[in-house]
Amino acid sequence: MVFIPKYNLIEELKWRGLFHQDVPGTEELLMKEMVSGYVGFDPTADSLHIGNMVPIILLVHLQRAGHKPYALVGGATGMVGDPSGKKSERTLLNLETLNHNLACQKRQLEQFLDFNADSNSAEVVNNYDWFQNFGFLEFIRDVGKHISVNYMMAKDSVKNRLEEGMSFTEFSYQLVQGYDFYYLWKEKNVKLQMGGSDQWGNIVTGTELIRRKGEGEDAKGYSLTAPLITKADGSKFGKSEGGNVWLDAEKTSPYEFYQFWMNTTDADAERYIKIFTLHSKSWIDNMISAHQEAPHQRALQKELAKYVTTWVHGESGYETALAATEILFGNGTSESLRSLSEKDFLSVFDGVKKSEVEEIEGVSIVDLCGDTGFLASKSEARRALKENSISVNSEKVNEDFTFSNADLINGKYILLQRGKKNKFLILKK
RNA sequence: GGGGAGAUACCAGAGCGGUCAAAUGGGGCAGACUGUAAAUCUGCUGCUUCGGCUACGUAGGUUCGAAUCCUACUCUCCCCA
């Protein structure tokens, strides 16, 4: 059977800005046969975040091009800790946390890939499966023997830590990850490892291991990395006020998730639409020129936010986020808030922080803001009120404002806002 | 083991007996302008019942008065062995 890829993966990744570097011969390989390729995920948290989306998208493209994707969850590597890009030694996770994280991540990965394709179904593998019974002596004889310390020391992930210091555990990390590649190559005919550019060092340790330990002419591993996603202003991609932007709706609500993409700057949006959506090149080019003609419409941001939110949270997640956005950023007046049914109201404010109070009649705005956890203290509440930044039910109020029962929406809710983006919901018991 | 330097707010970092809730920069938040953008400008960035109160690694001490001086302790970094 002759293999014809659906498209040239490397070319596709290049115009999308998802290509950083590869080892020579990778493109030829991808054009001539169905390739099994993998990406590893680090189980440091119980949810993936948008920083993990690029590696996931690499797998998605791999599969769309007709190849077979493997997602590796790092049960074993997670126990060691990847030193890449870290300034200091990492704390080790206990087994229980690790397993919980693995299970959660596995579920999330499954929503992006096709597990029921004819010949190139995705698979999830866990490197703990092949490491759990791998003895230390066996490992250092079988694996350690093939890689010199000099070689390992030359890696940036190690070099950058020579001043600060690093434990033997983290030093060994690249061997563990390298062995993963070797194992998958040998057992599952996986020839390609992909990842972020920070993973280059770890990946080539794997290809090196395949070259030295593998037998025959075919003993060659290929690799491909995506660039680090940057923001135009130089700050770190993937963080919002609350820290990471998670894929888990419990940790980052669909509304917040949608808003994250909505707030992308123009320059970044033009790059992100290529990276985070699967739209075609011509479609995107049109979109970008349309956006440049009428930038205030924010068409790019809206499409980007819609696409990614739907991908991660489904249609319903997107609908909720959009409804909330229209109310809060549209001509959001007190009336439009009050016109919502209780059910809609609650779903709109699903991701907004809340607090309950006993009584509202006669309570001053300062007390309410300070005591409910909306603002850190009454002093801060006073300051914010002087800055004219506090709104009650979408209407600005001053320091003398006192609540009455008439302010309750549906007889039990009050919406507090500081500025445009910080919202808080008060529930009367 | 010997010698040296240091620990100040979210971070970096000044202050070295009263005028210090503590310079300056960064970050963060808000306001103006806008397009929920960027840039720019402005304000704020310990708590408070607005009387005060608690804070400059920890615990004591000197003093009318301590972030500042003394003692001990803890921790960090550097140099030598």
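This passage describes how domain 1 and domain 2 of chain A meet in a predicted model. Local features were kept at pLDDT of at least 70 and side-chain atom pairs at pLDDT 80 or more, while totals for chains, interfaces and linings use all residues. Residues are numbered from 1 along each chain as its sequence is written, and side-chain values use heavy atoms, with hydrogens and water left out.

Chain A is assigned domain 1 (9-226), domain 2 (251-347) and domain 3 (351-428), with bounds from an automatic or database domain assignment. Taken over C-alpha atoms, the centres of domain 1 and domain 2 lie 33 Å apart. Their contact (heavy atoms within 4.5 Å) draws on 15 residues of domain 1 and 16 residues of domain 2.

Conveniently, the size of an interface is often given as the accessible area lost when the parts come together. Here the buried area (accessible area, 1.4 Å probe, lost on putting the two parts together and summed over both) is about 1,400 Å², with 71% coming from carbon and sulfur atoms. On the domain 1 side, Trp15, Arg16 and Ile50 lose the most area to domain 2, together 42% of what that side buries.

Turning to polar features, one salt bridge (a side-chain nitrogen of Lys or Arg within 4 Å of a carboxyl oxygen of Asp or Glu) is found across this interface. Asp46 forms a salt bridge with Lys251, with 2.9 Å between the closest N and O atoms. On the side of domain 1 that touches domain 2, helix H1 (9-16) and helix H3 (53-64) are the elements giving two or more residues; helices here are DSSP runs of H or I, at least four residues, numbered from the N terminus. H3 gives the most, with six residues.

Conventions. Chains are lettered from A and ligands numbered from 1 in the order in which they are written.
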